[in-house]
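Welcome to a short tour for a reader new to this structure. Take a moment with the view below, then follow the strands and helices one group at a time.

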Amino acid sequence: MKDYTLICPCHFGLEAPLKREIYDLGYDITKVEDGRVSFTGDAEAIVRANIHLRCAERVLVEVGRFTATTWDELFENIKRLPWEEYIPVNGKFWVTKATSVKSKLFSLTDIQSIAKKAMVDRMKKYYDIQWFEESGASYPVRIFILKDEVVVTLDSTGTPLHKRGYRTYTSKAPLSETMAAALIELTPWHPDRILVDPFCGSGTFLIEAAMMAANMAPGLNREFISMDWKNLIEPATWKECIAEAAEEVDTSVKVDLQGYDIDPDAIKIARLNAKQAGVEHMIHFQVRDVADLKHPKKYGFIITNPPYGQRLEDKKDLPALYGKLSDAYMALDSWSMFVITSWEDTPKYMAKKVDKNRKIYNGMLKTYFYQFLGPKPPKKNN
């Protein structure tokens, strides 16, 4: 079976948890770049990566990599790539996205049109036809150019991986599913530890945590564009991998996951989303102010995305809000807290010093993952 170089984009700053996930699936990492992790795998790897990866945005199949500083070089190099090995005669193909950073070729529309022409030229000669019907499966192409190095890929995912399918409804400023999962993986939280989100919004942190605890693959209940790539992936491979993932799910696992929000509509949305995900019985949602956050047990976790005042007039309320979060946290015995926010003044209003701070880009927005580490619980005697 043929091996491919597979590239998984992710949020900048979250490469480490994605790398660990890929290792856990049994594949070897070949390259780690800002916002991208590459590994080697066969057709089954394409399937398993799409079904199982929680932190990646897509699974891309690398078709070729070269240097180009002129439009002629771009055209000729793309024409040299073995497109016939990937796209059948009736395949629908187009350059769905191009990006260019610090490169001589920077017109994205020109990159897209020239790449398409080069692909057509190559395939005309191979298939000995002048016109492509493009009535079959879809093969979207994504091209990345960084400092004149061109990476040409096929997108095996289609709708991005953060679209798990459970979040039909959203509250304001929702965190993406992939980012929420990656942030949880950056903490020491484990399903046998308490987890509370006092600003739960649409419930994403808690739903992702419940899915992790239940060993529920994030892509189990959705479709992928490469399900139609019968020339590259046997339909039986999809069936086997989906069946294998379904067998591993255990929603009877005992967990203590709690979500609070002052907005009753947000709690309704969170409950609906949890139901869609099949984990509503694993999470307790409640309308509650952050000031009322209490828990009798020790060694719990707060993982949360509080409001951060995108508009200038909203920022005046943040000191009081973050102060309430700090007071509630300090009253909890031996807990840890992890806060994702773009508000740079957060540490000023926390009674405890930040132990770790990680910069993470949520799209173009720079955010900070502030980490307040409590003590580890004592080891249980066997």
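Two strands count as paired if DSSP finds at least two bridges between them. With that in hand, look at β6 and β7, which run antiparallel and are joined by six bridges. Please keep in mind that this is a predicted model.

## The sheet that holds β7

In the pairing of β6 with β7, F144 stands opposite V151 in β7. The two strands form a hairpin with two residues between them. One residue of that turn is K147, which has a positive phi of about 50°. K147 is a residue other than glycine, and its place is in the loop between β6 (138–146) and β7 (149–155). Is K147 buried or exposed? With a relative accessible area of 57%, K147 is exposed, because the cut-off for exposed is over 50%.

On to the other partner described here: strand β4 (residues 60–67) is joined to β7 by seven bridges, and the two run antiparallel. Here G64 stands opposite V152 in β7. How many of the seven residues of β7 are buried? Six of them are, so β7 is largely enclosed by the rest of the structure.

Now step back to the whole sheet. It is an open sheet of seven strands in the order β2-β3-β1-β4-β7-β6-β5, and its pairing is mixed. At the edges stand β2 (29–33) and β5 (92–101); each has a single partner strand, so one side of each is left without a neighbour in the sheet. On average, neighbouring strands of this sheet are turned by 30° against each other, direction ignored.

The edge strand β2 pairs with strand β3 (residues 36–41) over four bridges in the antiparallel sense. In that pair, I29 stands opposite F39 in β3. Helix α4 lies across β5 and β6, and runs at about 140° to β5.

## The sheet that holds β11

A further open sheet has seven strands, ordered β10-β9-β8-β11-β12-β14-β13, again with mixed pairing. Which strands are at its edges? They are β10 (283–287) and β13 (356–362), each of which pairs on one side only. From one strand to the next, the twist averages 20°.

Within this sheet, strand β11 (residues 301–304) and strand β12 (residues 336–341) run parallel and are joined by four bridges. I303 stands opposite F338 in β12.

Two helices lie across strands of this sheet. Helix α5 (residues 177–185) lies across β11, β12, β13 and β14 (365–372), and runs at about 165° to β13. Helix α8 (residues 264–277) lies across β9 (257–261) and β10, running at about 165° to β10.

## Helices that meet

Two packed helices are described by the angle between their axes and the distance between the axes. The table sets out two such pairs.

| Helix pair | Angle between axes | Axis distance |
|---|---|---|
| α2 (residues 43–52) and α7 (residues 235–247) | roughly 40° | within 10 Å |
| α3 (residues 71–80) and α4 (residues 108–127) | about 40° | 8 Å |

The angle between α3 and α4 makes α3 oblique to α4, and their crossing is right-handed. Residues of α3 in the contact include W71, L74 and F75, and among those they meet in α4 are I111, I114 and M119. By class, this contact has nine nonpolar, no polar and six charged residues.

Helix α2 and helix α7 have axes that cross at roughly 40°. That makes α2 oblique to α7, and α2 passes α7 in a right-handed crossing. On the α2 side, the contact has E44, V47, R48, N50, I51 and H52; they meet T237, W238, C241, I242, E244 and A245 in α7. These residues divide into six nonpolar, three polar and three charged.

## One more loop residue

A last stop is N215, found in the loop between α6 (204–213) and α7. N215 has a positive phi of about 55° although it is not a glycine. At 39% relative accessibility, N215 counts as partly exposed.

Terms used: Residues numbered from 1 in each chain as written. Predicted model: local features only at pLDDT ≥ 70, side-chain atom pairs only at ≥ 80, totals over all residues. Heavy atoms only, no water. Axes fitted to C-alpha atoms, helices over the stretch in contact; angles between N-to-C directions. Parallel < 35°, antiparallel > 145°, perpendicular 65-115°, else oblique. Left-handed = near helix turned anticlockwise from the far one by under 90°. Contact = heavy atoms within 4.5 Å. Nonpolar A, V, L, I, M, F, W, Y, C, P; charged D, E, K, R; others polar. Buried < 20%, exposed > 50% of the residue type's maximum accessible area, 1.4 Å probe, protein only.
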